[in-house]
Amino acid sequence: MKRPLPNTEEILKRYLPRAPEQIMEEKGERILEHLRSHESHPRTLDDERPSNGLWRLTPLRFAVGLIAVAIVSGFLLKALVSPNNLYAIVETTDGSLFRVAEGKSQVARVGDKIGADNPIRTEAGAGAVLKLPDGSRIKMGPESEVLLEQIEDGTRIRLNDGSVSVTPAKQPAGKLYVQNREQTVPVVGATFQAAGTAEPIQTPLSDKFDVASIRPSTPIPAGGGARGNNTTALGCSMGEIQLDPRRFVVTNVNLYTLVTMAYASPGRDCQFFSLTDSLAGGPGWVRSDQFDIQATIPEGTPSYTATQFRKGASREVQKMLQALLADRFKLVLARETREMAGFALVLGKTKDAAQLAQLASETIGKFPVIVVQPGEPLVPRRTGTGDGRSMPWLLEGRDASMKELASRLAALVGRPVVDHTGIAGQFTFEIQYEWVRDASRDIPGLGRPLNSDSISSLLKSLEEQLGLKLEATKTAVEVLVIEHVEKPSEN
Amino acid sequence: MVPRLSGDGLTQEFERIFREHWQFVYRTAYSITGNHSDAEDVVQTLFLKLLHREMPESLKQEPKAYLYRAAVNGALNIVRSKKRQNLATDRIEHLETAVAQSEGEEQEAILQNLLDSIAQLKPRAVEILLLRYAHDFSDAQIAKMLGKSRGTIAVSLYRARARLRKLMLRGEEL
């Protein structure tokens, strides 16, 4: 029988996390160093605000100003009069799409305008369609990077990585070329396909840590803030990550987690890999043995936080980790597309976007919400206290696309979900479903999929409230397969 | 005025403020987030923001109180944001540590419930609870730091505990 909740004061005294001194000691200097590195490239309000001194007009500044105005006017004029002012609009995305501007990756969404000379990249398992002003379409495959270039007689699509399929417009504005590493080929005919990489996965050698050491983890004594075996049921380690502009440190992490970190992309973290079996192969120690890595990041590498790294949004550091794993663990990965049991999000009683919008609007405000943080996308929330056996939860979408809903549902049902609704656009809705308690300690919010009773309730609510269904199907999932790996020698 | 003097390094004033208070900020953030990575992010983000803006008057006058409030808010933002994204992984770090030490499912549930419930409290309630239970401040010390009377603090502390208990009882039904 369950004991009553202890006294609150006792709980606070006993359970409130307290940072262990010995782990804190080293952190202060490192954070200060990070702050200093930012200070060497300061961007303060002082920089942004014109001071009197800055704007004091001198002949030199006047001349520089005139030149600047002339240059800007030239660009503006060119942009206005040129019918071929090159850009592409993101028409659809299936997964994560990023554009790189000023050395930083930014998420690109449907409707975004991608200018020439801004590389755009899909992550593993993702795809996207870009539409050029004349109606030509560029379909990008997973892990592809393209760059649009305006050339004299048309447009050149530079394929830096991955693969593309190009469908020229019926009345093209100019010629289209695709350039990969070897050659530049004109696009002729209805559809043109080009590839940049081949299996197995080639690890770039240019992205490397300056210095790196790897050693097996040693369990930290009790009270040290971490524990020897910190691997969850999903196989992902809860080890610590420290990342600053020049230093990359992970402790108590198994190789399985390291590989998923190296190949993660937003929405595809270790839990995703584990839930969808997207990382396969390798001996048992890949999941059981833990390692500590300390590495120095080369100067000039874009700066990321540990949070960005965990979210798979630190491409350069991830590439360095990929290279390190290939070098020291002799890791060889292959990419496969496997069919696996999953679900397709399909139309039920909802037949089109207008009907969905109507149903979605009817769900808003229908259910009480305990914690409301407006404006956040697709968040499950608890909406009541329930009857002890079950508890109402809310899956809330704010301007969410059907692809986003499919991705969220995948995490809840623990299987890949692909969007087959054919409905474009974004919707705001609140689906209430029941989380049903069982003996499995399946606590919502811990990144575990729901239990079967809760999934049944979720699917029922999805159909009743939004007119959408999940149909069991075989779905193609990109899987990384560990073909070869060795334990690293200590250094 | 910004807290640095020139482009050749942090000012003495900035460094002094950092060195005097970063541990307090870190401990505060850790008690809310339950893991080192997020606590470090909170400290780093907070001081980076200070580098890039004018030093607020309240920071100059009461640096500890200012930084403490900023730390509570920053840590709550991180926890709530993760919760919204269903990214609870890192918060479990401390939880699982405690579980390993205590080897009890019940303790795991209590700690999870505690962290979830704290994340739902108002920042002011979290400030008072943490000063008492994470930093071991007396009522008088809390009153001085937050600029309130001891009576107000005693009442606020009582209410914060009561609210926390209510949230935990709700959470326990999970």
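**Exercise 1. Describe the open sheet of chain A that contains β14, and state which strands stand at its edges.**

Solution. The four strands follow the order β14-β18-β16-β15 (chain A) in an open sheet with antiparallel pairing. Two strands pair if DSSP finds at least two bridges between them; helices (H or I, at least four residues) and strands (E, at least two) are DSSP runs, numbered from the N terminus. The edges are β14 (211-216) and β15 (240-244) of chain A; each has a single partner strand, so one side of each is left without a neighbour in the sheet. On average, neighbouring strands of this sheet are turned by 10 degrees against each other, direction ignored.

The model is predicted: local features need pLDDT of at least 70, side-chain atom pairs count only at pLDDT 80 or more, and totals for chains, interfaces and linings use all residues. Residues are numbered from 1 along each chain as its sequence is written, chains are lettered from A and ligands numbered from 1 in the order in which they are written, and side-chain values use heavy atoms, with hydrogens and water left out.

**Exercise 2. Find how β15(A) is joined to β16(A), and which helices lie across β15 of chain A.**

Solution. Step one: β15(A) and β16(A) run antiparallel and are joined by five bridges. A:Glu240 has A:Thr251 in β16(A) as its bridge partner.

Step two: helix α6 (residues 255-262) of chain A lies across β15, β16 and β18 (290-296) of chain A, at about 135 degrees to β16(A). Axes are lines fitted to C-alpha atoms, for helices over the stretch in contact, and angles run from 0 to 180 degrees between N-to-C directions. Contact means heavy atoms within 4.5 Å.

Step three: helix α10 (residues 315-328) of chain A lies across β14, β15, β16 and β18 of chain A, running at about 60 degrees to β14(A).

**Exercise 3. Treat the sheet containing β17 of chain A in the same way.**

Solution. The order is β17-β24-β19-β22 (chain A), an open sheet of four strands with mixed pairing. At the edges stand β17 (279-281) and β22 (417-419) of chain A, each with a single partner strand, so one side of each is left without a neighbour in the sheet. From one strand to the next, the twist averages 40 degrees.

β17(A) runs parallel to strand β24 (residues 468-484) of chain A, and three bridges join them. Opposite A:Gly281 stands A:Ile482 in β24(A). Helix α12 (residues 402-413) of chain A lies across β19 (332-347), β22 and β24 of chain A, at about 170 degrees to β22(A).

**Exercise 4. Is A:Phe427 buried or exposed, and which residues does A:Phe427 touch?**

Solution. A:Phe427 is found in strand β23 (residues 427-436) of chain A. Its relative accessible area is 7%, and A:Phe427 is buried (buried means under 20% relative accessible area, exposed over 50%, partly exposed in between; 1.4 Å probe, protein chains only). Not counting residues up to four places away in sequence, A:Phe427 touches A:Ala353, A:Leu356, A:Ala357, A:Gly397, A:Arg398, A:Asp399, A:Ala400 and A:Met402. A:Leu356 is 71 residues from A:Phe427 in sequence, and their C-alpha atoms are 8.1 Å apart in space.

**Exercise 5. Count the aromatic pairs over all chains and characterise two of them.**

Solution. Rings of Phe, Tyr and Trp (its six-membered ring) pair if their centres lie within 6.5 Å; planes under 30 degrees apart count as stacked, over 60 as edge-to-face and the rest as tilted. By this rule there are 11 aromatic pairs over all chains.

A:Phe248 and A:Phe309 form an edge-to-face pair, 5.2 Å centre to centre with 70 degrees between the planes. A:Phe248 lies in strand β16 (residues 247-254) and A:Phe309 in helix α9 (residues 306-310), both of chain A, so the pair ties together parts that are 61 residues apart in sequence. Both A:Phe248 and A:Phe309 are buried.

A:Trp285 and A:Phe291 are also edge-to-face, at 6.2 Å centre to centre and 75 degrees between the planes. A:Trp285 is buried at 14% relative accessible area, and A:Phe291 is buried at 4%.

**Exercise 6. Which residues of helix α8 of chain B are buried, and where do they lie around the axis?**

Solution. In helix α8 (residues 139-146) of chain B, the buried residues are B:Asp139, B:Ile142, B:Ala143, B:Met145 and B:Leu146. Seen down the axis of α8(B), they fall within an arc of 165 degrees, so they line one face of the helix. The arc is that of the directions from the helix axis to the C-beta atoms. After α8(B) comes B:Gly147, with a positive phi near 70 degrees.
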